[in-house]
Amino acid sequence: MKKKLVSLVLSSGGARGLSHIGVIEALEEKGYEIVSISGSSIGTLVGGIYAMGKLPQFKEWLMTLKPKDVFQLMDLTWSSGGMMKGERVLNTLKKFIPDQPIETFPIPFAAVTTDILNEEEVVFRSGSFYEVVRASIAIPAIFTPVKLKDNLLIDGGVLNPLPISHLLRIPNDILVVVNLNGKVSASLLEQQKQHSGYFSLLQHAYFSMRHQLVKLTLELYKPDVVIDIPRNLSGVWEYHKASSIISEGKLLALHQLDLLEARNVSHP
């Protein structure tokens, strides 16, 4: 029996990106082998940790987080480039998941960042994992940008929230993408209109822009499986809800994989 090989794309989207873990668990449960990964923002973090073989340790740590723990990981700064330095959480992860060069990962991995000075994507397939993560998660105005040579790097999701274009494909693979920018319910949109402050409006505009970029990307590449994660699954910082977010990601993935297998049976 042929192995079912998957090339996996993990998108950007804050704490709801923990659903990527559930998707990976669903793929493994169904007997798929992930042979290549590309990620943007939170997709860089989760995808890279999986590619280096440390996802169980990461998940175990996530399950311990409470709201106060998440707050304590926020290293606020008075910098004009952003509200947080983003170093405290990565230093915490390094204590039980040591840094590794990306090029040594057992699974080929590509991480996407955005060079805001030159208005172009910068893709990493080598170098320090945590340095790349720090750049890829740098949400504009939230995390301070990362200076690297002649580049000023921010969140990869600004230009490429679903980095299919940088995925290393292999013959006969199945292209699976996890889209964290799925549609929200009409009722939630109405709530946002009624309770939108400055930051909420800015955040909603940012996610709306990314949603349009994702739609164009999906139309261009036509993946075999698209797992849409609703934008209202969690707030950007609700990492303490890891258990429910991961479970929802797994359920959504299992449903889509069942549909794929049903199509394959109907059209062998």
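Select strands β1 and β7 (residues 174-182) to start: they run parallel and are joined by five bridges. Two strands count as paired when DSSP finds at least two bridges between them. Strands here are DSSP runs of E with at least two residues, helices are runs of H or I with at least four residues, and both are numbered from the N terminus. The model is predicted, so local features need pLDDT of at least 70 and side-chain atom pairs count only at pLDDT 80 or more, while totals for chains, interfaces and linings use all residues. Residues are numbered from 1 along each chain as its sequence is written, and side-chain values use heavy atoms, with hydrogens and water left out.

Within this pair, pick L8 and then V176 in β7, its bridge partner.

Next, select V9, which also lies in strand β1. Is V9 buried or exposed? V9 counts as buried because its relative accessibility is 0%; buried means under 20% relative accessible area, exposed means over 50%, and partly exposed lies in between (1.4 Å probe, protein chains only). Add V177 to the selection: V9 and V177 are 168 residues apart in sequence, yet their C-alpha atoms are 4.6 Å apart in space. Beyond its neighbours within four places in sequence, V9 is in contact (heavy atoms within 4.5 Å) with several residues, including S38, L162, I164 and V178.

Now colour the whole of β1, residues 4-10, by burial: five of its seven residues are buried, and the strand is mostly covered.

Then add strand β2 (residues 32-40), which pairs with β1 in the parallel sense over seven bridges. To find a matching position, select V6, which stands opposite I34 in β2.

Show helix α1 (residues 19-29) as well: β1, α1 and β2 make a right-handed β-α-β unit. Right-handed means that, with the strands pointing away from the viewer, the path from the first strand over the helix to the second runs clockwise.

Move on to helix α2, residues 42-51. How many of the ten residues of α2 are buried? Ten of the ten are, so the helix is largely enclosed by the rest of the structure. Among them are I42, T44, L45, Y50 and A51. Just after α2, select G53, which takes a positive phi of about 90°.

Finally, show the full chain, which has nine helices and eight strands. Of its 268 residues, 49% are buried.
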